[in-house]
Amino acid sequence: MTAVPSASGQLSAANCTNGTYFNATGACVDCPSFSTSPPASSTILNCTCNVGYTGNSSSGCVPCNDGTYVAASGNTPAQCTCNSGFYGSTGTCNACPSNSNSAAGSSDLTNCVCNAGYTGPDGGTCTACDMGTYKGGDGSAACVDCEAGTYLNITAGTVCVGCPSNTNSPSASVDQVACICDAGYTGPD
């Protein structure tokens, strides 16, 4: 990369632009691959690995493994941490079991919790809630029966459906046909 000489006609670090540094031969040169630097950088040590890369800019920045990331740029080797939906350590991440998720940076299988509509132990098998039951949030809580006056005709439900006006149903109902007319009302059940 070419820099514009100063008023005195000499090159200096002050002439180096973003992504370059002033080297020992008196020139502004590009930072190594996958790294950058602020303007006026005077050494390769000012080049830092980009977000998503780890290593040292003077020895090389490499991308994090699949399922991992580094959230900030830096010029020292950083441990890539796991993305959400993964768990692990030292840059090796495993996907959470089916129908579960984890926060970014999770290191243990038990950080994987069942999604809404599924139940099971943290880090274990997550089973869909049966029809007539639901679970509205993530975690290991059990599925609960739909309240009276509601039904749910799908598995893995997160919210029950209310019966039509002037009808009611028993708890844990699995279809709208369970909604029957209230006393004093007529119509198809």
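**Exercise 1. State the relative accessibility of Phe 34, classify the residue, and describe its aromatic partner.**

Solution. Step 1: Phe 34 has 39% relative accessibility and therefore counts as partly exposed. Buried means under 20% relative accessible area, exposed means over 50%, and partly exposed lies in between, with a 1.4 Å probe and protein chains only.

The structure is a predicted model, in which local features need pLDDT of at least 70 and side-chain atom pairs count only at pLDDT 80 or more, while totals for chains, interfaces and linings use all residues. Residues are numbered from 1 along each chain as its sequence is written, and side-chain values use heavy atoms, with hydrogens and water left out.

Step 2: The structure holds 1 aromatic pair. Rings of Phe, Tyr and Trp (its six-membered ring) pair if their centres lie within 6.5 Å; planes under 30 degrees apart count as stacked, over 60 as edge-to-face and the rest as tilted. Phe 34 and Tyr 53 are stacked, with 4.5 Å from centre to centre and 15° between the planes.

Step 3: Phe 34 lies in the loop between β2 and β3 (35-36) and Tyr 53 in strand β5 (residues 53-56), so the pair ties together parts 19 residues apart in sequence. Helices (H or I, at least four residues) and strands (E, at least two) are DSSP runs, numbered from the N terminus. Tyr 53, at 22% relative accessibility, counts as partly exposed.

**Exercise 2. Determine where Gly 55 lies and whether this residue is buried or exposed.**

Solution. Step 1: Gly 55 is part of strand β5. Step 2: Its relative accessible area is 14%, so Gly 55 is buried. Step 3: Gly 55 and Ser 35 are 20 residues apart in sequence, and their C-alpha atoms are 9.9 Å apart in space.

**Exercise 3. State how many disulfides the structure holds, and describe the one formed by Cys 16 and Cys 28.**

Solution. Step 1: A disulfide is a covalent bond between the sulfur atoms of two cysteines. The cut-off used here is a pair of cysteine sulfur atoms within 2.5 Å. The structure holds 9 disulfides.

Step 2: The sulfur atoms of Cys 16 and Cys 28 are 2.0 Å apart, and the two residues form a disulfide. The torsion about their S-S bond is about -90°, so this disulfide is left-handed. The pair links distant parts of the chain, 12 residues apart: Cys 16 in the segment before β1 (20-22) and Cys 28 in strand β2 (residues 28-30).

Step 3: Both Cys 16 and Cys 28 are buried.

**Exercise 4. Describe the disulfide of Cys 49 and Cys 61, including the strands in which the two residues lie.**

Solution. Step 1: Cys 49 and Cys 61 form a disulfide with their sulfur atoms 2.0 Å apart. The angle about the S-S bond is -85°, and the link is left-handed. Step 2: Cys 49 lies in strand β4 (residues 48-49) and Cys 61 in strand β6 (residues 60-63), so the disulfide ties together parts that are 12 residues apart in sequence. Step 3: Cys 49 counts as buried at 1% relative accessibility, and Cys 61 counts as buried at 7%.

**Exercise 5. Analyse the disulfide that joins Cys 129 to Cys 143.**

Solution. Step 1: The S to S distance between Cys 129 and Cys 143 is 1.9 Å. The torsion about the S-S bond is about -80°, so the disulfide is left-handed. Step 2: The linked parts of the chain are distant, 14 residues apart: Cys 129 is in the loop between β14 (127-128) and β15 (133-134), and Cys 143 is in the loop between β15 and β16 (144-145). Step 3: Cys 129 has 1% relative accessibility and counts as buried, whereas Cys 143 has 23% and counts as partly exposed.

**Exercise 6. Locate Ser 100 and name the residue whose backbone oxygen its side chain reaches.**

Solution. Step 1: Ser 100 is found in strand β11. Its relative accessible area is 12%, so Ser 100 is buried. Step 2: The side chain of Ser 100 reaches the backbone oxygen of Pro 97 at 2.6 Å. Step 3: Leaving aside neighbours within four places in sequence, Ser 100 is in contact (heavy atoms within 4.5 Å) with Cys 112, Val 113, Cys 114, Asn 115 and Cys 126.

Note on methods: Polar contact = N/O pair within 3.5 Å; in protein donor to acceptor, adjacent residues only side chain to side chain.
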